[in-house]
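Visitor: Please take a close look at one part, the contact between the two chains. Some context from elsewhere in the structure would also help.

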Amino acid sequence: MEKKGLDNVSFELLDNSFIALIGHTGSGKSTLMQHFNALLKPSSGTIDIAGYHITSQTGNKNLKKLRKEVGLVFQFPESQLFENTVLDDVKFGPKNFGMSDKEAEAKAKKWLEQVGLSTDVISKSPFELSGGQMRRVAIAGVMVNEPQILCLDEPGAGLDPRAREEMMQIFVNYQKAGHTVILVTHNMDDVAKYADDVLVMEHGKLIKHDKPQKVFENEEWLKKHYLDEPTSSLFASSLKGFRFKENPLTIKELVDGIKENVQGGV
Amino acid sequence: MSKIIIGRYIPGDSLVYKMDPRGKLLITILFILTIFLANNPITYAIITLFCFLAIIATGLKARVFWNGVKPLIGLIFFTSLLQLFFMTGGKVFWHWWIFSISSYGIVNAIYIFVRFTLIILISTVMTVTTMPLEIADAMEWLLKPLKVVKVPVDKIALVISIALRFVPTLFDETLKIMNAQRSRGADFNDGGLIKRAKAIAPILIPLFIHSLETAIDLSTAMESRGYRGSEGRTKYRVLNWSKYDLISLAYFVLLVGLLLIFRTH
């Protein structure tokens with residue numbers, strides 16, 4: 001009697017898009033994510049990703065290129081830090097993927113800067129840093145490989161709002177530079193604000209795959225599946241006497257909608 | 001996420017499960033000591049019979065017990081073979097260099113084999129029917145007399161319980177760290193010995209740090225809930241003697257009696 005972690009999940013994602021993967025705890029989001037770079041293999045069915053074709057028969061050899069192209073940032077990734085210095089830790093990935101020490105160092109420095117760490121931390125031990133800094137080092141440690149597809153499991157969990165926002169901006173920029181970003185999150189505001197495409201999981205099944213606008217369309221449906229609405233649409237629905245052409249998902253849409261209402265009323 | 005069950009506990013509710021863990025632990029230890037009372041074919045047959053009755057009383061499949069013996073089967077055979085080839089005495093059937101097979105050797109090899117197997121089987125009976133935490137509780141009870149000589153028995157028991165509690169947690173964490181490092185291109189199954197040994201550092205260091213952090217968190221949590229050492233604490237899992245413990249004690253006394261009657265003096 002084995003419980004299926006994922007059951008009959010089937011979808012296609014577009015290159016260079018920003019995808020949000022949502023669903024409550026235990027819905028299979030993290031399990032799904034681990035299939036993206038063949039840490040887990042499907043017991044039946046196939047996965048085509050970054051030029052790889054993964055089936056239950058896929059061996060554990062020759063997966064390096066896949067793991068370079070599909071970068072995974074686990075939840076609380078700071079637990080992966082182990083090196084003596086921040087710089088060495090970030091170099092770990094590139095060196096594993098066959099880069100020379102010099103190249104790795106240049107790349108590591110570049111990405112440490114990209115994630116917003118100042119140059120004076122690079123020679124420190126990662127364990128001397130604050131929680132937020134450790135998180136940045138860990139994320140730099142994956143982004144340094146410059147994967148085609150970057151998957152992140154709640155990268156903002158436990159960070160203060162400003163650090164979160166900065167973090168999200170890094171991922172958005174990364175996507176804009178021509179990469180695919182898959183974000184596992186509980187934060188519906190992030191979904192509304194950044195995602196082009198949303199996957200909703202429940203009990204190991206994919207229950208919806210659509211644009212954010214469509215996913216947040218039906219309040220009843222969201223409630224039924226224990227999902228929240230973005231703050232902006234909650235705010236909009238509590239405004240009496242206002243009409244919105246479209247459910248406003250972001251603050252900008254909300255402001256525009258309110259403006260229209262106010263101006264229309266005059 | 002793969003959840004491992006520490007120890008080999010298999011849930012059930014047969015006779016053996018109804019015994020108190022203290023009773024089980026005590027009888028198991030006594031049984032193992034009693035095996036050494038056997039010294040002739042009849043006594044070995046008796047104790048084997050008693051052992052198999054205990055196995056039947058668990059109500060579990062034979063496979064479970066075979067799995068208990070399997071990892072040690074090589075060791076059992078090796079020990080038996082040593083007896084077989086090096087024991088001298090009685091009639092010698094075969095002799096070459098330092099090896100010889102004698103009647104004593106054969107008999108002793110069989111005895112060792114039976115003894116070894118019985119010890120493993122009877123310990124398996126206990127470990128598959130008792131949860132690790134219950135075993136820890138039973139051990140605490142068994143060590144209680146040592147309190148007289150100032151051995152901190154409660155603390156030792158607490159340490160054992162906490163260790164057992166955190167085995168699955170650490171296992172999950174190890175898996176997560178391994179996956180994170182694999183995602184960064186680490187390879188744990190490839191390369192020579194040195195390369196593999198080196199590949200362990202990226203797992204071990206984070207794991208150590210995680211364990212220390214967990215330990216600090218746990219101690220803070222315990223202190224903030226008012227833990228002040230184990231003096232005078234009541235138990236959450238209260239152990240109760242039952243009639244089944246008496247039954248097994250009677251069973252054991254019968255075994256010892258039979259062995260004493262039939263063993264060669």
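Guide: What follows describes the contact between the chains and then turns to chain A.

This is a predicted model, in which local features need pLDDT of at least 70 and side-chain atom pairs count only at pLDDT 80 or more, while totals for chains, interfaces and linings use all residues. Residues are numbered from 1 along each chain as its sequence is written, chains are lettered from A and ligands numbered from 1 in the order in which they are written, and side-chain values use heavy atoms, with hydrogens and water left out.

Chain A gives 22 residues to the contact and chain B gives 18 residues, contact meaning heavy atoms within 4.5 Å. The two chains bury about 1700 Å² between them, with 56% of it on carbon and sulfur atoms; buried area is the accessible area (1.4 Å probe) that two parts lose on being put together, summed over both. On the side of chain B, the most area is lost by Lys176(B), Ser183(B) and Arg184(B), together 40% of what that side buries.

Arg184(B) also takes part in a salt bridge, its side chain meeting that of Asp89(A) at 3.1 Å, N to O. A salt bridge here is a side-chain nitrogen of Lys or Arg within 4 Å of a carboxyl oxygen of Asp or Glu. The count between chain B and chain A is one salt bridge, whereas 18 are found over all chains in the whole structure.

Two elements of chain B, α8 (153-183) and α9 (193-224), each give two or more residues to the side that touches chain A. Helices (H or I, at least four residues) and strands (E, at least two) are DSSP runs, numbered from the N terminus. The largest share of that side, eight residues, comes from α8(B). By type, the residues of the side of chain B divide into eight nonpolar, four polar and six charged. Ala, Val, Leu, Ile, Met, Phe, Trp, Tyr, Cys and Pro count as nonpolar, Asp, Glu, Lys and Arg as charged, and the others, Gly among them, as polar.

Within chain A, the side chains of Lys205(A) and Asp7(A) meet in a salt bridge at 3.4 Å, N to O. Lys205(A) lies in strand β8 (residues 205-210) of chain A and Asp7(A) in the segment before β1 (18-22) of chain A, so the pair ties together parts that are 198 residues apart in sequence.
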